[in-house]
Amino acid sequence: MNSPSKPIIVIYSDDSAVRQSIVAALGKKVAADLPEHQIEEFATGPALRSYIDRKSVSGNLRADLFILDGEAVPEGGMGIARQLKDEVFNCPPVLLITGRREDAWLAAWSRAEASVIHPIDPFTLANTVANLMRTSAVATA
């Protein structure tokens, strides 16, 4: 993770209800052994890219995990995930929310580390995020 401060989880969906369900599922902490996190929400691809382009004071990307809605319109999370993996050096893990279980191959194409399906199950989402954050923390330690 980027720093000893709160990990930053970036959420992208054009649908405010989807963003709200993700935020509610994550709460303040996704697991007892992980620190409290900060959430940044984005409804458009350009707003998300603008945020990514602005670095922290230390010059690092201000994100520790991306949660992207693969069903977002007009710009889907799968394309954004692929772009992040292609263009962001040491890109943090990406979790995709897909419309169907059968879309797992598209999540793999986008190089997302994990995917969950709509409708969002809060326990599955929190557990998946916790596992990604633990893996990321081990990889960067």
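User: Which residues touch the most other members of the largest nonpolar core?

Analyst: Keep in mind that we're looking at a predicted model here. Its largest nonpolar core has 22 residues. The ones touching the most other members are V10, L48, F66, L68, L84 and V94.

User: And which element supplies the largest share of this core?

Analyst: Several pieces chip in: strand 1 (8–12), helix 2, strand 3, helix 3 (77–87) and strand 4 (94–98) each supply at least two residues. The largest share is four residues, and it comes from helix 3.

User: Which residues does V10 contact, leaving aside its neighbours within four places in sequence?

Analyst: V10 is one of the residues touching the most other core members. With those neighbours set aside, V10 is in contact with E40, F42, L48, Y51, R62, A63, L65, F66 and I67.

User: How many residues are in the other core?

Analyst: This core lies apart from the largest one, and its members include V18, I67, L95 and A130. Its residue count is 21.

User: Why are the buried residues of helix 1 on the same side?

Analyst: In helix 1 (residues 16–26), the buried ones are V18, R19, I22, A25 and L26. As background, an α-helix has 3.6 residues a turn, so residues three or four places apart point the same way. The buried residues of helix 1 sit on the same side because they cover an arc of only 130 degrees around the axis.

User: Which residues are exposed on the other side of helix 1?

Analyst: One side of helix 1 holds the buried set, including V18 and I22. Flip to the other side, and the exposed residues there are Q20 and A24.

User: What does the side-chain oxygen of D15 reach at the start of helix 1?

Analyst: Look at the start of helix 1, where D15 has a side-chain oxygen pointing at a backbone atom. That oxygen gets to within 2.8 Å of the backbone nitrogen of A17.

User: Is T128 buried or exposed?

Analyst: T128 is in helix 5 (residues 122–140). Leaving aside neighbours within four places in sequence, T128 is in contact with L95, A114 and V116. Its relative accessible area is 16%, and the cut-off for buried is under 20%, so T128 is buried.

User: How far apart in space are N60 and I97, C-alpha to C-alpha?

Analyst: N60 is in the loop between helix 2 (45–53) and strand 3 (65–69), and it is partly exposed, with a relative accessible area of 32%. N60 and I97 are 37 residues apart in sequence. In space, C-alpha to C-alpha, the distance between N60 and I97 is 26 Å.

Conventions
Residues numbered from 1 in each chain as written. Predicted model: local features only at pLDDT ≥ 70, side-chain atom pairs only at ≥ 80, totals over all residues. Heavy atoms only, no water. Buried < 20%, exposed > 50% of the residue type's maximum accessible area, 1.4 Å probe, protein only. Contact = heavy atoms within 4.5 Å. Arc of directions from axis to C-beta. Polar contact = N/O pair within 3.5 Å; in protein donor to acceptor, adjacent residues only side chain to side chain. Core = buried A, V, L, I, M, F, W, Y, C linked by side-chain atoms within 4.5 Å.
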